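User: I would like to learn how to read an interface, a cavity and a pocket. Can we work through an example?

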Amino acid sequence: MHSRVTNLAAFLGFGAILLALPHTLSFSQQEILVFLTINVLVVASYRLLTLTGEWSLGHVVIMGVGAYASALLSKRLGIYVPASMLLGAVTAAMVALALSFPLFRMKGFYFLIGSFAAGEIIRLLWKRFREPFGGPKGIKKIDPMPDFDIGIYAFDFFEPISYYYFALAVVGVSLWVMWRIERSPVGLTFHAVHWQDKLAEASGVNVRAYRTLAFVLASGFAGLSGALLAHYIGTINPNSFDVEQMVFVLTWTIVGGTATFYGPILGCVVLTILNEIVLREAGFEQMRPLIYGLILILSVLFMPKGLESLVRGALSWRNAGKKKVGETEATE
Amino acid sequence: MVELLAQTGLNALYAASYTALVAVGLVLIFGVMGVINFAHGELFMLGAYAIVAVYADWNLPYLVAVAVGMIFVGIVGLGMERAFFRPLRDNPLGGLVASIGFLMILQALVSMGFGVRMEHVPPVTQDVIVITERVRLPVFRLAVILAAVVLLASLWAFLKKTRFGWALRASAQDPEAAALQGISINQTARIAMFIGAALAGVAGALTAPLISVNPHMGHSVIVTAFIVIIVGGIGSLEGAVIVAVAYAFVHTFVTTFFDGVIADIVGLLLLLIVLIAKPTGLFGSTDRA
């Protein structure tokens, strides 16, 4: 009971910090905060995909599918923007389902390269077909979120702070859903498929169906994050979802570590803060790809379990310290 | 029509020559070290920039520039082997991810050194062999084709006839057994990495006067190389050469009769179809998957 109260208090405190955070920041920092919130959803969905042991290089393109779908649905068919975002997520999930038939015949390297190829095909289709995808220049003037008022707060989406609250709510709910999925029997089966695929198969688990399920769910959330991005920046093109963006997602995820739910989120937050505070303030913004490449190599070499391993190391060290204190008290 | 087909065939032969060089280097690295080098397209790009620096900027002879590019990129390959492929030998996915990081570093360094704009390389020779009125083969393209044939033939001779070549093939087939026979795994990895990288570098150096040289040119090269090595079966050198030629013909003909983006889509679809039908590639064995 006590721990539940402290957990609730910690949760409320954390929520209050997240709500108060943008008021302490400048306008451009608020914009970065919106991107960070969206990127948190991207890396968390990427981790959901890697739960079954397959690493995709097409995740950012799938995110783009959600962005393109939501942008086109709202612009061409006049669908109300929040609804178009959900439809964008559904479209991304459907595209992933279609792709899963060829892709899940492969494993390991072949899956990695196959997902890369599938993503490139989609990007080339965007580039080639000016109608409806807009060709290399992409889609411009995407409808913004319509303003609305919930009584205690009036959302004005010209302000990044409003979009931040909106994105925070969407991402928060998405994270909660993903968390529940991972804790459910389905999520446990994902882990089984990763670490003991032969045993799982022998126990009657349809390994391929679970791989597909993880891929489709993760793609749906990626599509949602793409839609959030599209209606915020208002313009997207094939290069918004290229390999460089995929490398950023890969770096955040690997630097954070995929063993725990918070690992990739931690990686994303830490590296974004590092990027914005250290690089931008020091005027090294152009060196971002260089530094990300270096961080990626160094973390694969020296920190294969990611930043979360440092956190866990610190926690276990603290717990070990506590236990010792307890022991001495008992002997006295 | 016949003339158009003949001209397109000659263009395809030229595309096949440098594609084969890149793909064979990638397969050699994978065969011996068991890792996919994602930065292979950027090694090609470095070879092209060696020409920009040595030939276009310093005005040294073209052949000197090609040799400098080949050796320089080979040495970069040695550096990659030592810096991350060797420590990550038991973690092939880690090696691949590290090479993605290295790709970003190379692109950023070249952008900082030369700028992101397209570089102009002056033509080496303007001579053209006129076969008929509408079928022409520029001498420089013929030279590239011949150079690729000579390089691939000497690689083949090296692998089949020399002790180093035997050692390389032995550690590609079975690293442990090769180590038990006294073959140094580190040494064969170094040789494979040097040769593989140098082939990518020389391909970039040879084609630099004919294509647009920019820091992001490696992307289309690596996409093509992936298609070729996977369709060919990821560990097969012969498969890579055959598929490189076949792919170059398909791509060039589709480009001529439709357009370049459609050709890329067709190539990637071929890759997916082959992977669905035979997930280990046309000439591949099931060993190293």
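Analyst: We take the interface, then the cavities, then the largest pocket. Keep in mind that this is a predicted model.

User: How is the size of an interface usually expressed, and how many residues of chain B and chain A are in contact here?

Analyst: The size of an interface is often given as the accessible area lost when the parts come together. Here chain B and chain A bury about 3,500 Å² between them. Carbon and sulfur atoms account for 87% of that area. In residues, 44 of chain B are in contact with 35 of chain A.

User: How many salt bridges does the rule find across the interface of chain B and chain A?

Analyst: The rule looks for a Lys or Arg side-chain nitrogen within 4 Å of an Asp or Glu carboxyl oxygen. Across this interface it finds one salt bridge. A:Arg128 pairs with B:Asp259, and their closest N and O atoms are 2.7 Å apart. The count of residue pairs in polar contact between the chains is two, both at pLDDT 80 or more.

User: Which helices of chain B each supply at least two residues of the side that touches chain A?

Analyst: On chain B they are helix 3 (62-85), helix 4 (92-114), helix 9 (218-232) and helix 11 (260-277). Helix 4 of chain B gives the largest share, 14 residues. By class, the side of chain B that touches chain A has 36 nonpolar, six polar and two charged residues.

User: Now the cavities. How many of 30 Å³ or more does a search of the whole structure find?

Analyst: A cavity is space where a probe fits but cannot get out. The search finds four of 30 Å³ or more. The largest cavity holds about 100 Å³ of space. It is lined by 14 residues, and the closest to its centre are A:Leu57, A:Phe116, A:Asp242, A:Val243 and A:Met246.

User: Which element gives the largest share of that lining?

Analyst: Helix 11 of chain A does, with four residues. Helix 3 (59-76) and helix 5 (108-128) of chain A are also among the elements that give two or more. The lining has 11 nonpolar, no polar and three charged residues.

User: And the largest pocket: which residues are the closest to its centre?

Analyst: A pocket, by contrast, is an open set of points. The largest pocket has about 1,900 Å³ of space. Of its 46 lining residues, A:Phe14, A:Leu18, A:Leu168, A:Leu175 and A:Ile265 are the closest to the centre. Helix 7 of chain A gives the most to the lining, 12 residues. Helix 1 (2-20), helix 2 (27-50) and helix 12 (262-282) of chain A are among the other contributors of two or more. By class, the lining has 30 nonpolar, eight polar and eight charged residues.

Key:
Residues numbered from 1 in each chain as written. Chains lettered and ligands numbered in written order. Predicted model: local features only at pLDDT ≥ 70, side-chain atom pairs only at ≥ 80, totals over all residues. Heavy atoms only, no water. Contact = heavy atoms within 4.5 Å. Buried area = accessible area lost by both parts, 1.4 Å probe. Polar contact = N/O pair within 3.5 Å; in protein donor to acceptor, adjacent residues only side chain to side chain. Nonpolar A, V, L, I, M, F, W, Y, C, P; charged D, E, K, R; others polar. 1 Å grid on protein atoms, 1.4 Å probe; cavity = no way out; pocket = protein on both sides within 12 Å on 5 of 7 lines; lining within 4 Å. Points joined across faces, edges and corners; volume = space filled by probe spheres on them.
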